[in-house]
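The exercises that follow each set a task and then work through a solution step by step. Please keep the sequence and the structure in view while reading them.

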Amino acid sequence: MSLSTVIPSYGIKDGTVSIILTLVTLIVSFVVLGYSVEVIKGGTEGEATLPDFDYVKHFVMGVKALVLEIIYFIIPAILVIIVASATGLFSSFTKIVYVSIDAMANNTSNLTKIMAAVPQSTMNTFTNSLTITLIVAIILFIIFSLMSFTGLVRFAKTGSGTEGLRFREILKDMSKIGFLKIIVTLIVIYIIALALSFVIGLIGLIPYIGVFISIFVGVPFIILFLYRAIGLLYADA
């Protein structure tokens, strides 16, 4: 997946090659995502070995997994937009922009004077709306992130994208495992992954061979670690 960024660093900057490598990167990314879903399934079933590669199957699974993740992103995004609109975030922001443009048109360049031209009621509405929207966005992000993990696991176990969207069953799975256990485990998993990424980044600084060690050994290890750990976490469900 990293060839499109690595090859140019060795002086190869041909446009056609870049386009081809970008397409290869995209295709391989879907295969890797599909394979990662297969790793999750192995984790839920307690498999001690890695699954075999099936490039066509994993490509299709990768596309389905991406669509699933997009859906889990779209739902909270729509809800946040509704909240922002209902609380007056967009309208107040628009007023602030228009007032600022008018102030600058009158040769006002000082930021303090520009902001002073904005009515206090508009600024209060904007501030309150922004605060409410951010709080709602954070809460929804946490909830739907946890649900997306569980949905991805259900998809991995069944191969059905529909299963990954059965919210009632997803919440049942989460309650079986324990919401606190899921949150704490995922935090620990990502802390370990960040630490590994830092080490791999240092290895990548080794001249000539470092980048290949990090790409062909380090990155695959992190991917396998993350998705295997997620599978084991949800094995209880």
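## Exercise 1: A network of charged side chains

E169 is partly exposed, with a relative accessible area of 22%. The model in which this residue is examined is a predicted one.

Task: Starting from E169, find which residues are joined with E169 into one network by salt bridges that share partners.

Solution. Step one is to look for the partner of E169, and the side chain found there is that of R166, with a salt bridge of 3.9 Å from N to O. R166 has a relative accessibility of 37% and therefore counts as partly exposed, since the partly exposed class runs between 20% and 50%.

Step two is to follow R166 onward, because R166 also forms a salt bridge with E163, at 2.9 Å from N to O. The relative accessible area of E163 is 18%, so E163 is buried.

Step three leads from E163 to R154, whose side chains meet in a salt bridge of 2.5 Å, again taken from N to O. R154, at 14% relative accessibility, counts as buried too.

Step four gathers the result: R154, E163, R166, E169, K172 and D173 are joined into one network by salt bridges that share partners. In the whole structure, a search finds six salt bridges. As general background, side chains of opposite charge can pair when their charged atoms come close.

## Exercise 2: Two pairs of helices

Task: Determine how α2 and α3 are oriented to each other, and then do likewise for α7 and α8.

Solution. Step one takes helix α2, residues 15-44, and helix α3, residues 55-86, which pack at an angle of about 90° with their axes 6 Å apart. Angles of 65 to 115 degrees count as roughly perpendicular, and α2 and α3 are therefore roughly perpendicular to each other. The contact involves residues of α2 including I27, F30, V37 and E38, and residues of α3 including Y55, F59, M61 and L66. By kind, the residues of this contact divide into 12 nonpolar, three polar and two charged.

Step two looks at E38, which lies in helix α2 and, at 14% relative accessibility, counts as buried. When neighbours within four places in sequence are left aside, E38 is in contact with P51, K57, H58 and M61.

Step three turns to α7 and α8, which pack at an angle of about 80° with their axes 6 Å apart. That angle makes α7 roughly perpendicular to α8. Here L171, M174, S175 and I177 of α7 meet F179, K181 and I182 of α8, and the residues of the contact divide into five nonpolar, one polar and one charged.

## Exercise 3: The largest nonpolar core

Task: Establish which element gives the largest share of the largest nonpolar core.

Solution. Step one is to find the members that touch the most other members, and among the 30 residues of this core these are V37, L152, F155, I182, L186, I230 and Y234.

Step two lists the elements that give two or more residues to the core, namely α2, α3, α6 (120-158), α7 (167-177), α8 (179-204) and α9 (210-233). The largest share, nine residues, comes from α6.

Step three examines F155, which touches V37, M61, K64, A65, L68, S160, G161 and G164, not counting residues up to four places away in sequence. Apart from the largest core lies another core, of six residues, among them A84, I96, V118 and F126.

Technical notes
Residues are numbered from 1 along each chain as its sequence is written. This is a predicted model: local features need pLDDT of at least 70, side-chain atom pairs count only at pLDDT 80 or more; totals for chains, interfaces and linings use all residues. Side-chain values use heavy atoms; hydrogens and water are left out. Axes are lines fitted to C-alpha atoms, for helices over the stretch in contact, and angles run from 0 to 180 degrees between N-to-C directions. Helices (H or I, at least four residues) and strands (E, at least two) are DSSP runs, numbered from the N terminus. Angles under 35 degrees count as roughly parallel, over 145 as roughly antiparallel, 65 to 115 as roughly perpendicular and the rest as oblique. Contact means heavy atoms within 4.5 Å. Ala, Val, Leu, Ile, Met, Phe, Trp, Tyr, Cys and Pro count as nonpolar, Asp, Glu, Lys and Arg as charged, and the others, Gly among them, as polar. A salt bridge is a side-chain nitrogen of Lys or Arg within 4 Å of a carboxyl oxygen of Asp or Glu. Buried means under 20% relative accessible area, exposed over 50%, partly exposed in between (1.4 Å probe, protein chains only). A nonpolar core is a set of buried Ala, Val, Leu, Ile, Met, Phe, Trp, Tyr and Cys residues joined through side-chain atoms within 4.5 Å.
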